[in-house]
Amino acid sequence: MKPEFLEDLPPKKLCKFILKLSYNIAQKTKEIPVVAVVCSLSYNKPNGLFFKNQHYWKVESISTNLVKKYNNPIYHAEFLAFQKLKRKSKELYLSDKILITNLEPCLLCTSLSISYRVEKIFYFLKRNKGFSARDIVNLSHKRKQSSKKKILNHHPKIVYLKEYSKIQRSIIKNFFRKLRNFSKSD
């Protein structure tokens with residue numbers, strides 16, 4: 001990956017695509033509306049689905065939560081997006097890939113991102129329950145400073161895209177309001 005890619009933000013059209021997908025999931029299913037997109041960056045126009053700003057953002061994998069559908073607590077959107085991509089890829093690590101998700105990754109999904117050596121994680125809405133991506137990387141940095149030992153051998157850059165948080169918060173709030181009203185009517 002070229003160093004100038006590290007300063008890029010995802011194209012607005014890609015972020016709006018993720019928000020729209022999240023909204024559609026919230027309207028049509030009982031799954032928590034989390035969407036994960038794994039992208040790679042390129043100077044050249046790629047085949048398949050892509051979005052463009054300074055560079056081409058090729059969508060390598062898209063997934064949504066399927067925890068309830070398959071009754072499996074690890075079927076998070078990020079986990080499934082990585083699994084789809086790994087089926088296509090012969091590479092051990094995803095070190096040139098970027099994860100974009102509408103909700104800050106949990107402990108499991110952040111750990112996967114670190115294990116796969118994902119370059120960067122973008123998210124729209126901060127997690128307010130449990131450990132988050134920020135907590136894990138910050139804890140690792142603090143322990144590294146205090147003990148002089150290397151805690152993690154990879155630290156993805158984590159970027160909060162605040163401009164999309166208000167819309168995403170509304171989608172999540174309406175989803176849970178609808179879910180509560182649905183369960184009351186049962």
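1. Let's start inside. The largest nonpolar core has 23 residues, and L14, W57, I100 and F124 are the ones that touch the most other members. Keep in mind that this is a predicted model. Six elements each bring at least two residues to this core: the helices α1 (12-28) and α6 (165-185), plus the strands β1 (35-42), β3 (56-64), β4 (97-103) and β5 (120-125). The largest share comes from α1, with 6 residues.

2. L14 is a good residue to click on if you want to see how this core is put together. Leaving out residues up to four places away in sequence, L14 touches V37, C39, F51, W57, V59 and I100. There is also a second, separate core, made of 18 residues, and A77, L94, L103 and L125 are among them.

3. Now for helix α3. Is its length what you'd expect from 12 residues at 1.5 Å a residue? The helix covers residues 77-88 and should span 16 Å; the C-alpha atoms at its ends are 17 Å apart, so the two agree. Buried residues in α3 are A77, E78, F79, L80, A81, F82 and L85. Note that E78 is on that list. The cover over these buried residues includes β1, β3, β4 and α4 (107-115).

4. K97 deserves a look too. This lysine sits in strand β4. Is K97 buried or exposed? Its relative accessibility is 12%, and under 20% counts as buried, so K97 is buried. As for partners, the K97 side chain makes a polar contact with the side chain of D96, at 3.1 Å.

5. On to the open space. The largest pocket holds about 580 Å³. It is lined by 20 residues, and those closest to its centre are I32, L103, R127, I172 and F176. Two elements, α2 (67-70) and α6, give two or more residues to the lining. The largest share, 5 residues, is from α6. So α6 turns up twice in this note: here in the pocket lining and earlier among the suppliers of the largest core.

6. Last, R127, one of the residues closest to the pocket centre. R127 lies in the loop between β5 and α5 (133-147). With a relative accessible area of 24%, R127 comes out as partly exposed. Which residue 24 places away along the chain has its C-alpha atom 6.6 Å from that of R127? That is L103, which is also on the list of residues closest to the pocket centre and belongs to the second core.

Technical notes
Residues are numbered from 1 along each chain as its sequence is written. This is a predicted model: local features need pLDDT of at least 70, side-chain atom pairs count only at pLDDT 80 or more; totals for chains, interfaces and linings use all residues. Side-chain values use heavy atoms; hydrogens and water are left out. A nonpolar core is a set of buried Ala, Val, Leu, Ile, Met, Phe, Trp, Tyr and Cys residues joined through side-chain atoms within 4.5 Å. Buried means under 20% relative accessible area, exposed over 50%, partly exposed in between (1.4 Å probe, protein chains only). Helices (H or I, at least four residues) and strands (E, at least two) are DSSP runs, numbered from the N terminus. Contact means heavy atoms within 4.5 Å. A polar contact is a pair of N or O atoms within 3.5 Å; within protein, one must be able to donate a hydrogen and the other to accept it, and residues adjacent in sequence count only if both atoms are side-chain atoms. The expected span of a helix is 1.5 Å times one less than its number of residues. On a 1 Å grid over the protein atoms alone, a cavity is a set of points where a 1.4 Å probe fits but cannot get out, and a pocket is an open set with protein on both sides within 12 Å along at least five of seven lines; lining residues have an atom within 4 Å of a point. Grid points are joined across faces, edges and corners, and a volume is the space filled by probe spheres set on the points.
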